[in-house]
Amino acid sequence: MKINSMKYFAKEATRNVFSNGWMSLASIFTVVASLLVFGVFLILTMNLNYMVTQVAGDYEITLTVDTSLSKEEIDALEGSLRGIENISGVTFESKEERLELLRQQFGDNAALLDRYQNEKNPLRHWFKVTCEDLTKSDQTVEQIKGLTGVVRVISNGETIRKLTSVSEYISNISIWIMLALGIVSIFIISNTIKLAVFSRRKEINIMKFVGATDWFIRWPFIIEGVIIGLAGAAFSVLFVSLGYQGVMSMFASLDIGFVQFMPFGNIIGWLLLSLIGMGVVMGAVGSLIAVRKHLKV
(Lines give C-alpha, C1' and ligand atoms only; values in the text may rest on other atoms or scores of the structure.)
Protein backbone atom coordinates (compact mmCIF):
# COMPACT_ATOMS: atom_id res chain seq x y z
CA MET A 1 0.00 0.00 0.00
CA LYS A 2 1.40 3.41 -1.02
CA ILE A 3 2.17 6.12 1.53
CA ASN A 4 -0.03 8.64 -0.32
CA SER A 5 -2.96 6.23 -0.15
CA MET A 6 -2.46 5.75 3.60
CA LYS A 7 -2.42 9.52 4.10
CA TYR A 8 -5.66 9.80 2.16
CA PHE A 9 -7.29 6.99 4.15
CA ALA A 10 -6.20 8.50 7.48
CA LYS A 11 -7.43 11.96 6.50
CA GLU A 12 -10.82 10.65 5.39
CA ALA A 13 -11.17 8.53 8.54
CA THR A 14 -10.38 11.46 10.84
CA ARG A 15 -12.84 13.68 9.00
CA ASN A 16 -15.57 11.05 9.34
CA VAL A 17 -14.98 10.70 13.09
CA PHE A 18 -15.48 14.41 13.69
CA SER A 19 -18.32 14.83 11.21
CA ASN A 20 -20.30 12.15 13.07
CA GLY A 21 -19.45 13.75 16.41
CA TRP A 22 -22.22 12.56 18.72
CA MET A 23 -22.45 9.06 17.28
CA SER A 24 -18.67 8.70 17.38
CA LEU A 25 -18.72 9.84 21.01
CA ALA A 26 -21.46 7.33 21.81
CA SER A 27 -19.41 4.57 20.20
CA ILE A 28 -16.33 5.57 22.18
CA PHE A 29 -18.31 5.51 25.44
CA THR A 30 -19.66 2.07 24.54
CA VAL A 31 -16.14 0.78 23.93
CA VAL A 32 -15.02 2.35 27.23
CA ALA A 33 -17.88 0.67 29.14
CA SER A 34 -17.16 -2.71 27.57
CA LEU A 35 -13.42 -2.55 28.13
CA LEU A 36 -13.81 -1.25 31.69
CA VAL A 37 -15.76 -4.35 32.64
CA PHE A 38 -13.22 -6.54 30.86
CA GLY A 39 -10.35 -4.68 32.53
CA VAL A 40 -11.85 -5.18 35.98
CA PHE A 41 -12.31 -8.90 35.38
CA LEU A 42 -8.79 -9.15 33.94
CA ILE A 43 -7.24 -7.50 36.99
CA LEU A 44 -9.39 -9.56 39.36
CA THR A 45 -8.33 -12.78 37.64
CA MET A 46 -4.65 -11.82 37.56
CA ASN A 47 -4.66 -10.86 41.25
CA LEU A 48 -6.48 -14.01 42.28
CA ASN A 49 -3.95 -16.10 40.35
CA TYR A 50 -1.17 -14.07 41.97
CA MET A 51 -2.58 -14.75 45.44
CA VAL A 52 -2.95 -18.45 44.63
CA THR A 53 0.69 -18.48 43.52
CA GLN A 54 1.76 -16.78 46.75
CA VAL A 55 -0.20 -19.25 48.87
CA ALA A 56 1.04 -22.14 46.75
CA GLY A 57 4.62 -21.04 47.26
CA ASP A 58 4.12 -21.33 51.03
CA TYR A 59 2.15 -24.57 50.82
CA GLU A 60 3.71 -27.43 52.76
CA ILE A 61 2.63 -30.94 53.64
CA THR A 62 3.52 -31.74 57.23
CA LEU A 63 3.92 -35.29 58.54
CA THR A 64 4.63 -36.39 62.07
CA VAL A 65 7.01 -39.25 62.79
CA ASP A 66 6.51 -42.31 65.01
CA THR A 67 8.34 -41.74 68.31
CA SER A 68 9.76 -45.27 68.23
CA LEU A 69 11.85 -44.63 65.12
CA SER A 70 15.62 -44.58 65.51
CA LYS A 71 17.93 -42.00 63.94
CA GLU A 72 18.73 -44.39 61.10
CA GLU A 73 15.05 -45.09 60.45
CA ILE A 74 14.27 -41.35 60.37
CA ASP A 75 17.08 -40.88 57.84
CA ALA A 76 15.65 -43.73 55.78
CA LEU A 77 12.19 -42.10 55.90
CA GLU A 78 13.70 -38.83 54.66
CA GLY A 79 15.28 -40.71 51.77
CA SER A 80 11.92 -42.29 50.92
CA LEU A 81 10.27 -38.85 50.94
CA ARG A 82 12.88 -37.43 48.58
CA GLY A 83 12.26 -40.37 46.28
CA ILE A 84 8.60 -39.42 45.72
CA GLU A 85 8.34 -37.88 42.26
CA ASN A 86 6.24 -34.78 43.05
CA ILE A 87 8.15 -33.73 46.19
CA SER A 88 10.57 -30.87 45.54
CA GLY A 89 11.86 -30.23 49.06
CA VAL A 90 12.10 -32.00 52.42
CA THR A 91 12.84 -30.31 55.76
CA PHE A 92 13.24 -32.16 59.07
CA GLU A 93 12.45 -30.57 62.43
CA SER A 94 13.18 -32.45 65.63
CA LYS A 95 10.85 -32.17 68.59
CA GLU A 96 13.56 -30.19 70.43
CA GLU A 97 13.69 -27.66 67.59
CA ARG A 98 9.90 -27.41 67.56
CA LEU A 99 9.83 -26.75 71.30
CA GLU A 100 12.43 -24.02 70.90
CA LEU A 101 10.31 -22.40 68.18
CA LEU A 102 7.35 -22.45 70.55
CA ARG A 103 9.45 -20.79 73.24
CA GLN A 104 10.29 -18.01 70.80
CA GLN A 105 6.63 -17.56 69.91
CA PHE A 106 5.64 -17.42 73.59
CA GLY A 107 8.08 -14.55 74.13
CA ASP A 108 7.89 -13.33 77.73
CA ASN A 109 5.81 -16.36 78.66
CA ALA A 110 8.41 -18.87 77.45
CA ALA A 111 8.99 -20.01 81.05
CA LEU A 112 5.64 -21.81 80.89
CA LEU A 113 7.32 -24.43 78.67
CA ASP A 114 10.25 -25.13 81.00
CA ARG A 115 8.61 -28.23 82.47
CA TYR A 116 8.38 -29.82 78.99
CA GLN A 117 12.12 -30.13 78.48
CA ASN A 118 13.96 -33.35 77.52
CA GLU A 119 11.94 -36.55 78.16
CA LYS A 120 8.81 -34.58 79.06
CA ASN A 121 8.64 -33.00 75.60
CA PRO A 122 5.20 -34.06 74.21
CA LEU A 123 5.96 -33.02 70.65
CA ARG A 124 6.95 -35.31 67.79
CA HIS A 125 9.65 -35.08 65.17
CA TRP A 126 8.18 -34.03 61.84
CA PHE A 127 8.98 -33.39 58.21
CA LYS A 128 7.76 -30.56 56.01
CA VAL A 129 7.67 -31.25 52.28
CA THR A 130 6.88 -29.04 49.29
CA CYS A 131 5.35 -30.14 45.98
CA GLU A 132 6.31 -29.30 42.42
CA ASP A 133 2.74 -29.60 41.12
CA LEU A 134 -0.05 -28.75 43.56
CA THR A 135 -2.67 -30.38 41.35
CA LYS A 136 -1.03 -33.70 42.24
CA SER A 137 -0.89 -33.00 45.98
CA ASP A 138 -3.64 -35.52 46.80
CA GLN A 139 -1.69 -38.35 45.15
CA THR A 140 1.46 -37.21 46.94
CA VAL A 141 -0.32 -37.25 50.31
CA GLU A 142 -1.52 -40.80 49.68
CA GLN A 143 2.04 -41.89 48.85
CA ILE A 144 3.34 -40.28 52.05
CA LYS A 145 0.68 -42.01 54.15
CA GLY A 146 1.89 -45.34 52.85
CA LEU A 147 5.44 -44.86 54.17
CA THR A 148 6.54 -46.72 57.29
CA GLY A 149 6.92 -44.49 60.35
CA VAL A 150 4.44 -41.78 59.27
CA VAL A 151 1.84 -41.21 62.00
CA ARG A 152 -0.16 -38.30 60.62
CA VAL A 153 -0.19 -36.16 57.47
CA ILE A 154 -1.41 -32.55 57.67
CA SER A 155 -2.39 -31.08 54.31
CA ASN A 156 -4.29 -27.91 53.38
CA GLY A 157 -4.74 -28.93 49.76
CA GLU A 158 -8.48 -28.21 49.88
CA THR A 159 -7.76 -24.49 50.30
CA ILE A 160 -5.52 -24.48 47.22
CA ARG A 161 -8.12 -26.33 45.19
CA LYS A 162 -10.85 -23.88 46.17
CA LEU A 163 -8.72 -20.87 45.26
CA THR A 164 -7.76 -22.43 41.93
CA SER A 165 -11.40 -23.28 41.21
CA VAL A 166 -12.54 -19.72 41.92
CA SER A 167 -9.75 -18.35 39.73
CA GLU A 168 -10.78 -20.58 36.80
CA TYR A 169 -14.46 -19.65 37.30
CA ILE A 170 -13.72 -15.92 37.18
CA SER A 171 -11.55 -16.41 34.10
CA ASN A 172 -14.36 -18.19 32.27
CA ILE A 173 -16.98 -15.63 33.33
CA SER A 174 -14.78 -12.73 32.21
CA ILE A 175 -14.40 -14.30 28.75
CA TRP A 176 -18.16 -14.69 28.26
CA ILE A 177 -18.91 -11.20 29.58
CA MET A 178 -16.29 -9.74 27.27
CA LEU A 179 -17.75 -11.58 24.29
CA ALA A 180 -21.20 -10.22 25.05
CA LEU A 181 -19.98 -6.66 25.55
CA GLY A 182 -17.79 -6.94 22.46
CA ILE A 183 -20.78 -7.88 20.31
CA VAL A 184 -22.75 -4.91 21.65
CA SER A 185 -19.82 -2.56 20.99
CA ILE A 186 -19.34 -3.89 17.45
CA PHE A 187 -23.06 -3.36 16.75
CA ILE A 188 -22.99 0.28 17.91
CA ILE A 189 -19.72 1.03 16.12
CA SER A 190 -21.07 -0.50 12.91
CA ASN A 191 -24.17 1.73 13.18
CA THR A 192 -21.92 4.77 13.58
CA ILE A 193 -19.98 3.85 10.46
CA LYS A 194 -23.22 3.16 8.59
CA LEU A 195 -24.19 6.82 8.99
CA ALA A 196 -20.98 7.90 7.31
CA VAL A 197 -21.40 5.28 4.59
CA PHE A 198 -25.03 6.27 3.96
CA SER A 199 -24.18 9.98 3.70
CA ARG A 200 -21.49 9.15 1.12
CA ARG A 201 -23.35 6.41 -0.74
CA LYS A 202 -23.45 8.38 -4.01
CA GLU A 203 -19.72 9.07 -3.78
CA ILE A 204 -19.10 5.38 -3.11
CA ASN A 205 -21.21 4.42 -6.15
CA ILE A 206 -19.25 6.79 -8.37
CA MET A 207 -15.94 5.44 -7.05
CA LYS A 208 -17.12 1.90 -7.79
CA PHE A 209 -18.14 2.80 -11.34
CA VAL A 210 -14.81 4.49 -12.11
CA GLY A 211 -12.93 1.39 -11.01
CA ALA A 212 -12.06 1.89 -7.31
CA THR A 213 -11.52 -1.41 -5.54
CA ASP A 214 -13.63 -2.47 -2.59
CA TRP A 215 -10.64 -2.25 -0.27
CA PHE A 216 -9.80 1.27 -1.43
CA ILE A 217 -13.30 2.26 -0.32
CA ARG A 218 -13.22 0.20 2.86
CA TRP A 219 -9.96 1.46 4.33
CA PRO A 220 -11.11 4.95 5.48
CA PHE A 221 -14.04 3.40 7.33
CA ILE A 222 -11.89 0.67 8.87
CA ILE A 223 -9.42 3.27 10.11
CA GLU A 224 -12.35 5.30 11.46
CA GLY A 225 -13.45 2.27 13.49
CA VAL A 226 -9.89 1.70 14.68
CA ILE A 227 -9.67 5.34 15.83
CA ILE A 228 -12.89 4.92 17.81
CA GLY A 229 -11.61 1.66 19.32
CA LEU A 230 -8.24 3.18 20.22
CA ALA A 231 -9.87 6.20 21.86
CA GLY A 232 -12.12 3.96 23.93
CA ALA A 233 -9.21 1.71 24.89
CA ALA A 234 -7.06 4.68 25.95
CA PHE A 235 -9.75 5.96 28.32
CA SER A 236 -10.33 2.43 29.62
CA VAL A 237 -6.65 1.90 30.43
CA LEU A 238 -6.55 5.27 32.20
CA PHE A 239 -9.66 4.62 34.32
CA VAL A 240 -8.72 1.04 35.22
CA SER A 241 -5.15 2.06 36.12
CA LEU A 242 -6.29 4.91 38.36
CA GLY A 243 -8.90 2.69 40.00
CA TYR A 244 -6.42 -0.11 40.65
CA GLN A 245 -3.84 2.20 42.16
CA GLY A 246 -6.55 3.74 44.33
CA VAL A 247 -7.64 0.33 45.63
CA MET A 248 -4.01 -0.63 46.32
CA SER A 249 -3.46 2.60 48.28
CA MET A 250 -6.66 2.03 50.28
CA PHE A 251 -5.67 -1.50 51.31
CA ALA A 252 -2.13 -0.34 52.07
CA SER A 253 -3.50 2.28 54.47
CA LEU A 254 -5.67 -0.37 56.17
CA ASP A 255 -2.54 -2.53 56.66
CA ILE A 256 -4.26 -5.83 55.84
CA GLY A 257 -1.28 -8.13 55.63
CA PHE A 258 -2.94 -11.19 54.08
CA VAL A 259 -4.17 -9.21 51.03
CA GLN A 260 -1.28 -9.01 48.57
CA PHE A 261 -1.97 -7.24 45.28
CA MET A 262 -0.02 -7.86 42.12
CA PRO A 263 2.44 -4.97 41.53
CA PHE A 264 1.03 -2.37 39.14
CA GLY A 265 4.13 -2.61 36.95
CA ASN A 266 3.30 -6.27 36.25
CA ILE A 267 -0.26 -5.42 35.26
CA ILE A 268 0.03 -2.33 33.07
CA GLY A 269 1.60 -4.24 30.17
CA TRP A 270 -1.27 -6.75 30.08
CA LEU A 271 -3.80 -3.93 30.35
CA LEU A 272 -2.31 -2.04 27.41
CA LEU A 273 -1.99 -5.15 25.27
CA SER A 274 -5.44 -6.59 25.95
CA LEU A 275 -7.57 -3.43 26.09
CA ILE A 276 -5.98 -1.74 23.09
CA GLY A 277 -6.07 -4.99 21.14
CA MET A 278 -9.75 -5.48 21.95
CA GLY A 279 -10.57 -1.87 21.08
CA VAL A 280 -8.87 -2.09 17.69
CA VAL A 281 -10.55 -5.41 16.86
CA MET A 282 -14.01 -4.16 17.84
CA GLY A 283 -13.57 -0.98 15.81
CA ALA A 284 -12.25 -2.73 12.72
CA VAL A 285 -14.86 -5.49 12.74
CA GLY A 286 -17.68 -3.00 13.29
CA SER A 287 -16.50 -1.01 10.29
CA LEU A 288 -16.22 -4.05 8.03
CA ILE A 289 -19.79 -5.06 8.89
CA ALA A 290 -21.10 -1.56 8.18
CA VAL A 291 -19.37 -1.10 4.81
CA ARG A 292 -19.99 -4.55 3.35
CA LYS A 293 -23.64 -4.02 2.29
CA HIS A 294 -23.02 -0.65 0.65
CA LEU A 295 -20.30 -2.01 -1.64
CA LYS A 296 -22.84 -4.13 -3.50
CA VAL A 297 -23.79 -1.78 -6.34
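Colleague: What share of the 297 residues in the protein is buried?
Modeller: This is a predicted model, where local features need pLDDT of at least 70, side-chain atom pairs count only at pLDDT 80 or more, and totals for chains, interfaces and linings use all residues. Numbering starts from 1 along each chain as its sequence is written, and side-chain values use heavy atoms, without hydrogens and water. Buried means under 20% relative accessible area, exposed over 50%, and partly exposed in between, with a 1.4 Å probe and protein chains only. Of the 297 residues, the buried share is 38%.

Colleague: Which element of the protein has the highest mean pLDDT?
Modeller: The pLDDT is the predictor's confidence in each residue, from 0 to 100. It averages 78 over the protein, and 85% of the residues score at least 70. Among the elements, helix α1 (residues 3–19) has the lowest mean, 70. The highest, 90, belongs to α3.

Colleague: In what pattern do the elements follow one another along the sequence?
Modeller: Helices (H or I, at least four residues) and strands (E, at least two) are DSSP runs, numbered from the N terminus. The protein has nine helices and four strands. Read along the sequence, they give α-α-β-α-β-α-β-α-β-α-α-α-α.

Colleague: Which elements give two or more residues to the largest nonpolar core?
Modeller: A nonpolar core is a set of buried Ala, Val, Leu, Ile, Met, Phe, Trp, Tyr and Cys residues joined through side-chain atoms within 4.5 Å. The largest has 20 residues, and those with the most contacts inside it include Ile-61, Leu-77 and Phe-127. The elements asked for are the helices α3 (71–82) and α5 (137–145) and the strands β1 (61–65), β2 (87–93), β3 (126–131) and β4 (150–154).

Colleague: How many residues does the second core have?
Modeller: This core is separate from the largest one. Its members include Phe-38, Tyr-244, Met-262 and Leu-271. The count is 17.

Colleague: Is Ala-233 buried or exposed?
Modeller: Ala-233 lies in helix α8. Its relative accessible area is 0%, so Ala-233 is buried.

Colleague: Which residues does Ala-233 touch, not counting those up to four places away in sequence?
Modeller: Contact means heavy atoms within 4.5 Å. Ala-233 and Ala-33 are 200 residues apart in sequence, yet 9.7 Å apart in space, C-alpha to C-alpha. The residues that Ala-233 touches are Val-31, Leu-35, Leu-275 and Ile-276.

Colleague: Among contacts with a separation of 6 or more, what share joins residues 24 or more positions apart?
Modeller: Ile-61 shows contacts along the sequence, with Phe-127, Ile-144 and Ile-154 among its partners. For the protein, the share is 84%.
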